[in-house]
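Trainee: I would like to learn how to read a protein model feature by feature. Could you take me through one slowly?

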Amino acid sequence: MITITTSNVNGIRAAKRKGIETWAGEHAPDIWCMQEVRAPQDELNPIFGEFGFEYATAGKIADQSELTAMNEVCRVKGRAGIGLLTDLPVTARRYGLSGLDEDVDSGRWIEADVTTPQGYGITVACVYVHAGNSDDPVKMAQKYRFLDTMLTRMGELRDEASRGGRQAVLCGDFNIAHTPLDIKNAKANIKHAGFLPAERAYIDRWLGEYEFVDVIRSLAGDIQGPYTWWSQRGRAFDNNVGWRIDYQFATPELAETARGFVIDKAPSYDARWSDHAPLTVTYDV
């Protein structure tokens, strides 16, 4: 069994002040994908080092040097950025998507080829798709450009997996609620970024034409939710008025090995270290 977690940390320095290290020590997933780290390299390195200490204390690794860290810091200060930590062997690393060179597009896609203790090869992509803004055509154009560019790489990953090569899983904050089951107030948000028909159509293509599996929906069935993000406004968290925008999309063979998932929603609003809850899937590979 291996565990893969994806979590939007909503600023890793702020999350550190709120107790994310304690979570790291208690859970220590085999692969941990993080989005919106929002920190420069010189501040990110020591925080990842402290996570390594927590993994070692938890007995997952012998010492901090055995935890592989990858990250892509956004060139726009205070924006986005993603990171990936794993205690599994990494045989290759890739950064970014070809053709996305503008600052607004940086720091949103990294890949690691990892090997499980049983020798099973997986490509893990840590993904962040920015939210967009339905009132700002420029921001929506940037979001759609990223989603279009993703399709090329997803097709390559699908083809490799279908030929018996590495299976793949895309983990991250995609900032799209796929269906009314994935958002508490669907009708009220039909014209808002994150639930626009044009955005949701991309997930339709990922699951249809590109043959990826929405692992959580496959495991949970057709129920309302479960949500992974709650607005900071009002009492959205307390009333569970949420969105499911954090996903793990896996190629079919890997998806079939998924045995369960946990959305680690904090027990109370003031106990949160992010407005997103970590999403962990256990795979029997």
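Mentor: Let us begin with one residue, keeping in mind that this is a predicted model. Tyr144 has its place in helix α4, and, leaving aside residues up to four places away in sequence, Tyr144 touches Leu196, Ala198, Glu199 and Tyr202.

Trainee: How far is Tyr144 from Phe53 in space, C-alpha to C-alpha?

Mentor: The two residues are 91 places apart along the chain, and their C-alpha atoms are separated by 39 Å. You can set beside this the pair Glu66 and Gln142, which are 76 residues apart in sequence and have C-alpha atoms 37 Å apart.

Trainee: Where does Glu66 sit, and which residues does Glu66 touch?

Mentor: Glu66 belongs to the loop between α3 and β3 (68–72), and its contacts, not counting residues up to four places away in sequence, are with Ile61, Thr86 and Asp87.

Trainee: Is Glu66 buried, exposed or partly exposed, and why?

Mentor: The word depends on the relative accessible area, with buried meaning under 20% and exposed meaning over 50%. Glu66 has a relative accessible area of 40%, so Glu66 counts as partly exposed. Gly155, which is found in helix α4, has a value of 8% and is therefore buried. The C-alpha atoms of Gly155 and Asn189 lie 30 Å apart, with the two positions 34 residues apart in sequence numbering.

Trainee: Which residues does Phe261 touch, leaving out those up to four places away in sequence?

Mentor: Phe261, in strand β13 (residues 258–263), touches Ile216, Leu219, Ala220, Pro226, Leu279, Thr280 and Val281 when those residues are left out. With a relative accessibility of 26%, Phe261 is counted as partly exposed. Its C-alpha atom is separated by 9.5 Å from that of Ile4, although the two residues are 257 residues apart along the chain.

Trainee: What can be said about the peptide bond that leads from Gly225 to Pro226?

Mentor: That bond is cis, with omega near -5°, and Pro226 itself is found in the loop between α6 (215–220) and β10 (229–230).

Trainee: Backbone angles interest me, so which value does phi take at Asn175?

Mentor: Phi of Asn175 is near 55°, which is a positive value in a residue other than glycine. Asn175 has its place in the loop between β8 (167–173) and α5 (197–207), and Asn175 is buried, because its relative accessible area is 12%. Glu211 also has a positive phi, near 70°, and is likewise a residue other than glycine. Glu211 is found in the loop between α5 and β9 (213–214), and its relative accessible area of 43% is why Glu211 counts as partly exposed.

Trainee: How should I describe a pair of helices, and what is the angle between α2 and α3?

Mentor: Two packed helices are described by the angle between their axes and by the distance between those axes. Here α2 and helix α3 (residues 41–57) pack at an angle of about 35°, with their axes 8 Å apart, and their crossing is right-handed. On the α2 side the contact is made by Ile20, Glu21, Ala24 and Gly25, which meet Glu50, Phe51, Glu54 and Tyr55 in α3. By class, the residues of this contact are four nonpolar, one polar and three charged.

Trainee: Turning to pockets, what is the volume of the largest pocket, and how many residues line it?

Mentor: The largest pocket has a volume of about 1100 Å³. Its lining is made of 39 residues, and those that lie nearest its centre are Ala131, Gly132, Asn175, Ala193 and Trp229. The elements that give two or more residues to this lining are α4 (137–162) and β11 (242–243). The lining divides into 12 nonpolar, 17 polar and 10 charged residues.

Trainee: How much space lies in the second largest pocket, and which helix gives the most to its lining?

Mentor: About 210 Å³ of space lies in the second largest pocket. Of the 19 residues that line this pocket, Trp23, Asp264, Ala266, Ala271 and Trp273 are the closest to its centre. Helix α2 (residues 20–27) gives the most to the lining, with four residues, and by class the lining has nine nonpolar, five polar and five charged residues.

Definitions and conventions
Residues are numbered from 1 along each chain as its sequence is written. This is a predicted model: local features need pLDDT of at least 70, side-chain atom pairs count only at pLDDT 80 or more; totals for chains, interfaces and linings use all residues. Side-chain values use heavy atoms; hydrogens and water are left out. On a 1 Å grid over the protein atoms alone, a cavity is a set of points where a 1.4 Å probe fits but cannot get out, and a pocket is an open set with protein on both sides within 12 Å along at least five of seven lines; lining residues have an atom within 4 Å of a point. Grid points are joined across faces, edges and corners, and a volume is the space filled by probe spheres set on the points. Ala, Val, Leu, Ile, Met, Phe, Trp, Tyr, Cys and Pro count as nonpolar, Asp, Glu, Lys and Arg as charged, and the others, Gly among them, as polar. Buried means under 20% relative accessible area, exposed over 50%, partly exposed in between (1.4 Å probe, protein chains only). Axes are lines fitted to C-alpha atoms, for helices over the stretch in contact, and angles run from 0 to 180 degrees between N-to-C directions. A crossing is left-handed if the near helix is turned anticlockwise from the far one by less than a right angle, and right-handed if clockwise. Contact means heavy atoms within 4.5 Å.
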